[in-house]
Amino acid sequence: MTKKMSMSTSKTSLVLFLCQIISALDVPLDSKLLEELSQPPTITQQSPKDYIVDPRENIVIQCEAKGKPPPSFSWTRNGTHFDIDKDAQVTMKPNSGTLVINIMNGGKAEAYEGVYQCTARNERGAAVSNNIVIRPSRSPLWTKEKLEPNHVREGDSLVLHCRPPVGLPPPIIFWMDNAFQRLPQSERVSQGLNGDLYFSNVQPEDTREDYICYARFNHTQTIQQKQPISVKVFSTKPVTERQPVLLTPTGSASTKVELRGNVLLLECIAAGLPTPVIRWIKEGGELPANRTFFENFKKTLKIIDVSEADSGNYKCIARNALGSVHHVISVTVKAAPYWITAPRNLVLSPGEDGTLICRANGSPKPSISWLANGVPIAIAPEDPSRKVDGDTIIFSHVQERSSAVYQCNASNEYGYLLANAFVNVLAEPPRILTPANKLYQVIADSPALLDCAYFGSPKPEIEWFKGVKGSILRGNEYVFHDNGTLEIPVAQKSNAGTYTCVARNELGKIQNEVQLEIKDPTMIIKQPEYKVIQRYGQVSFECIIKHDSTLLPTVTWLKDNDELPDDERFLVGKDNLTIMNVTDKDDGTYTCIVNTTLDSVSASAVLTVVAAPPTPAIIYARPNPPFDLELTGQLERSIDLSWIPGDENNSPITSFVVEFEDALHEPGVWRYQTEVPGTQTMAQLKLSPYVNYSFRVIAVNRIGRSQPSEPSEQYLTKSASPDENPANVQGIGSEPDNLVITWEPLKGFQSNGPGLQYKVSWRQKDVDDEWTSVIVANVSKYIVSGTPTFVPYEVKVQALNDLGYAPEPSEVIGHSGEDLPMVAPGNVQVHVINSTLAKVHWDPVPLKSVRGHLQGYKVYYWKVQSLSRRSRRHIEKKILTFRGNKTFGMLPGLEPYSSYKLNVRVVNGKGEGPASPDKVFKTPEGVPSSPSFLKITNPTLDSLTLEWGSPTHPNGVLTSYTLKFQPINNTHELGPLVEIRIPANESSLILKNLNYSTRYKFYFNAQTSVGSGSQITEEAVTIMDEAMASRQVDIATQGWFIGLMCAVALLILILLIVCFIRRNKGGKYPVKEKEDAHADPEIQPMKEDDGTFGEYSDAEDHKPLKKGSRTPSDRTVKKEDSDDSLVDYGEGVNGQFNEDGSFIGQYSGKKEKEPAEGNESSEAPSPVNAMNSFV
């Protein structure tokens, strides 16, 4: 198995390699060829250079490589050889260089910190990985400190220092209160990049005792909390206003260095009263468009993907009514090395030349160094074909021994780049990869392409010949492609025949023959024609074709470029399509498509369906449009419209539809206004303010609608305040600190006047706050920033225009944005119900810590190992979701006798909270599955040998096996049952003292301490005694037996003749007469549909089979693999729960019935029973 996987990996790797080479030699992607070509190693996968690992989990350092032959792997640690065989905690994956350091079984991650490098080597060279720096993540606790209360005068500035513990990687900082609510931030109060909380000026409402700084370490999923900080603001009258002063950075100028490609973050936070406003400029230039963003109320300037052009002086200006202050930050953009031209793999033939180029840039300029097979090139073995010239290696007249892997290292003070590129020198005789005698078939006058895929090193020369002994092909009628393909641009019948391709280089010569056949083109000699047919008539389209006699055409008909309708009226013949009883829906374009394996042709015709010829009967049609529309009785909110009906065309007008156009807001769009009966020629129309109306009328009869009338004259209504407010008002936060208010804007004619605007109002619910309002226009959304996380708000939106407000709107309840839950469920307990089911309990988290809509809880659980096999496997975590505020749930589908872990997380609309500590539980033993096989071999006169395999799923510790067997006689009756108990460590048994020439049935199962598993059955026969077999006589060959059978047949024939004669005498039997005289209502009458009589049935002898009867006649039930399927109990699955969380359904073990004992009659299972078992 390992060898097979290695070969498959080698093939895939070489294909990928050949897809990316650029060299003097092209290698076709032929699987057989690829298996034979050698390739130096290439690193395909490796861990990142800076690899921070979780100290609680195993460390996996990746190193995968391809090559032919497959490479071997070695490692260095901190520059010296790392002998993994001497460290029991370190293993290397098979056929791989990936290291697995076992931390979960007692290893310490800190002991394996260091710089690792992998080398992959085969006979063609050695490739090396980057230097991989392994560092375990750290989330230290906050140092204990005594925090004094901060007493601050109203209007002064204040900085609350966070100073989080130094972690790896650095933590994410945020400030909250005791109720786990984010502290609101604004232009006045905001958090700096260093995590400190800055107050430009303090206000009395800033007084509180629970300013808490939190540090979240994402790598280890832990959160550390600083001691609460107390702030007390005291007031002095009057409060003195102050001009801006920078809190950070200090002074008038500073410098910052950033690396190319990173995100540049510049920060200015100022104190002052009133609160200063921050503005950013770049001296001598513009801020880069599309890459510049302002954050933290414009206190932070963010420029993404910076380059050297972004270097310069950036000035922040803080200004309020009393003055301004500024700070200049001089930004210098440096660059770690980046590739201009990375070295590429080089495949050469012996004697060829080539170059490897390695060019990189950076700031400062990186230095370039070369290695050969992982060794600095200055001390590597000499190669006369190689010459190093700075960033280029020049190869001249290479030989096979020149194959190697070269490493280019470009480095400066900010980093390094390492690239592997190999030189592979191949000397191969020519090979032709196109199959021999391949047949090419083309249509006459079409191009013919004859393949000659080849490979060789040096590159072979290709020649083509026609016929076995023909001359070489030349001339303008042929095109010779670089890949060996011969093209005949316009193939004729004369081009048919045998073609020979010859490939030769200095190492050999090979040739291959292919065949070319030229076929006649397919043509439609009689195409379908345009047809006009009357409704309910019949029409036929012809499609007669001519084709090459060796090609099999298929004809397909389409209607309007789609399949024909599934209708029996459409009849497709060999050369035509006939449509019976044509209707209007058959109108359209019909296409005949003829396909062969080589070409395709088509032809189309249009079918037009018309009405039958007119008769003297009355012609019914749609009415003519109304005319002479007139507006009268003009009022502010109503108007009268009258019209004269058009001709009804022999079908009375049933109604008139009135439509209107608003030339002011929606010119050209006609909308429904009203509908009146056909006897009415005037309508009073309701109007809206500030609409420029035009009206038109459409007449309707049972045939259809008329064309619209000509529009009426226009009528502009006066403006008024809005009558209605926007609908569908909602308040839903998109971020933890905002509230997004949305509504459905009014349409133009609903505005009732010019200057349509919306008054958006909100206030926090259940808090004695005044409404905060803002007026906006031409939008349907407003974002309220700086809100507490997930609190209810009352929201309303009122329309207004230049003439006034709409009526007071109704209020809706919304919520500000959610944030991730802060607390993990506690007191997680697991109760194992049986070997496949467990129940988990947990304490609910406080609702305040959910910080959003509680959606439920997720239980993550996974199998750690099987207790019977003591082998770990790939961990596959399963997730169950329990909706609502549940505190328990069922875990189905567990494997018996296994160790599991689980944790629980609370879920809101934003996502999942932290996980509870992992809880370990174990499932008890269960009954085993059936033995994997049972074979019976070596039959003798009185013995049989039984061999078996242990159960695929032991589900515990096997204690023994049980074998039961009994003889079966010629009438399928079972003899006495014998039972044998076999130790669990046995895998074969010889049964002796059996009867000769006897069939035995065997029942075999395994046991654990819980009980017996399902059994497997088998039958076998002991061999016959040859002496006794020779004495047995076939009774069917004896003369006396043949004579007796003939006599019996003659008597039966005579009886049949007598019965026939008596039946033909006629007359009624007495019983028949009684039946005729006394009709029995119970007797079934003759069935009218098929002329048959109802049948009498004996209630006892002919009872129907009960549905679901599946027990075979030998009274045994063969146990199949359990089909019990316990689907996950979470949301989105088929499992159902009672209100208490328990699974609806029963767990029941299926156990095979014991075989029949003694000499009870038993028949082999019939085919009917076998089928019933699947019903």
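The legends below describe several close-up views of a predicted model.

**View 1. The largest nonpolar core and the strands that supply it.** The largest nonpolar core holds 29 residues, and those that touch the most other members are Ile 59, Ile 61, Trp 75, Ile 101 and Tyr 116. Two or more residues of this core come from each of strand 3 (59-61), strand 4 (63-68), strand 5 (72-77), strand 8 (99-101), strand 9 (114-122) and strand 11 (132-136), and strand 9 gives the most, with three residues. Around Ile 101, once neighbours within four places in sequence are left aside, the residues in contact are Asn 58, Ile 59, Ile 61, Gln 89, Val 90, Tyr 112 and Tyr 116. In soluble globular proteins, nonpolar side chains tend to be buried together.

**View 2. The salt bridge between Glu 145 and Lys 226.** The closest N and O atoms of Glu 145 and Lys 226 are 2.4 Å apart in this salt bridge. Glu 145 belongs to the loop between strand 11 and strand 12 (150-153), while Lys 226 belongs to the loop between strand 18 (222-225) and strand 19 (229-234), so the pair ties together parts that are 81 residues apart in sequence. Glu 145 is partly exposed, at 34% relative accessibility, whereas Lys 226 is buried, at 4% relative accessibility.

**View 3. The salt bridge between Glu 463 and Arg 504.** Here the closest N and O atoms of Glu 463 and Arg 504 are 2.7 Å apart, and the pair links distant parts of the chain, with Glu 463 in strand 42 (residues 461-466) and Arg 504 in strand 45 (residues 497-505), 41 residues apart. Glu 463 is partly exposed, with a relative accessible area of 23%, and Arg 504 is also counted as partly exposed, at 29% relative accessibility.

**View 4. The salt bridge between Arg 56 and Asp 54, and a network of charged residues.** The structure holds 36 salt bridges, and one of them joins Arg 56 to Asp 54, with the closest N and O atoms 3.0 Å apart. Asp 54 is buried, its relative accessible area being 11%. Elsewhere, Asp 177, Arg 208 and Asp 210 are joined into one network by salt bridges that share partners.

**View 5. The surroundings of the buried residue Ser 200.** Ser 200 is found in the loop between strand 16 (197-199) and strand 17 (208-217), and this residue counts as buried because its relative accessibility, 2%, falls under the 20% limit. The side chain of Ser 200 reaches the backbone oxygen of Ala 270 at 2.6 Å. Not counting residues up to four places away in sequence, Ser 200 touches a set of residues that includes Asp 156, Ser 157, Glu 187, Arg 188, Arg 242 and Ala 270. Ser 200 and Leu 247, which are 47 residues apart in sequence, have C-alpha atoms 8.3 Å apart in space.

**View 6. The hairpin of strand 65 and strand 66.** Strand 65 (residues 727-732) and strand 66 (residues 738-744) run antiparallel and are joined by four bridges, with five residues between the two strands of the hairpin. Within this pairing, Gln 730 has Thr 742 in strand 66 as its bridge partner.

**View 7. Asn 955 and the residues around it.** Asn 955 lies in the loop between strand 81 (944-951) and strand 82 (960-968), and its side chain reaches the backbone oxygen of Val 927 at 3.1 Å. Leaving aside neighbours within four places in sequence, Asn 955 is in contact with Pro 896, Tyr 897, Glu 925, Gly 926, Val 927, Pro 928 and Ser 929.

Note on methods:
Residues numbered from 1 in each chain as written. Predicted model: local features only at pLDDT ≥ 70, side-chain atom pairs only at ≥ 80, totals over all residues. Heavy atoms only, no water. Polar contact = N/O pair within 3.5 Å; in protein donor to acceptor, adjacent residues only side chain to side chain. Contact = heavy atoms within 4.5 Å. Pairing = 2+ DSSP bridges. Core = buried A, V, L, I, M, F, W, Y, C linked by side-chain atoms within 4.5 Å. Buried < 20%, exposed > 50% of the residue type's maximum accessible area, 1.4 Å probe, protein only. Salt bridge = Lys/Arg side-chain N within 4 Å of Asp/Glu carboxyl O.
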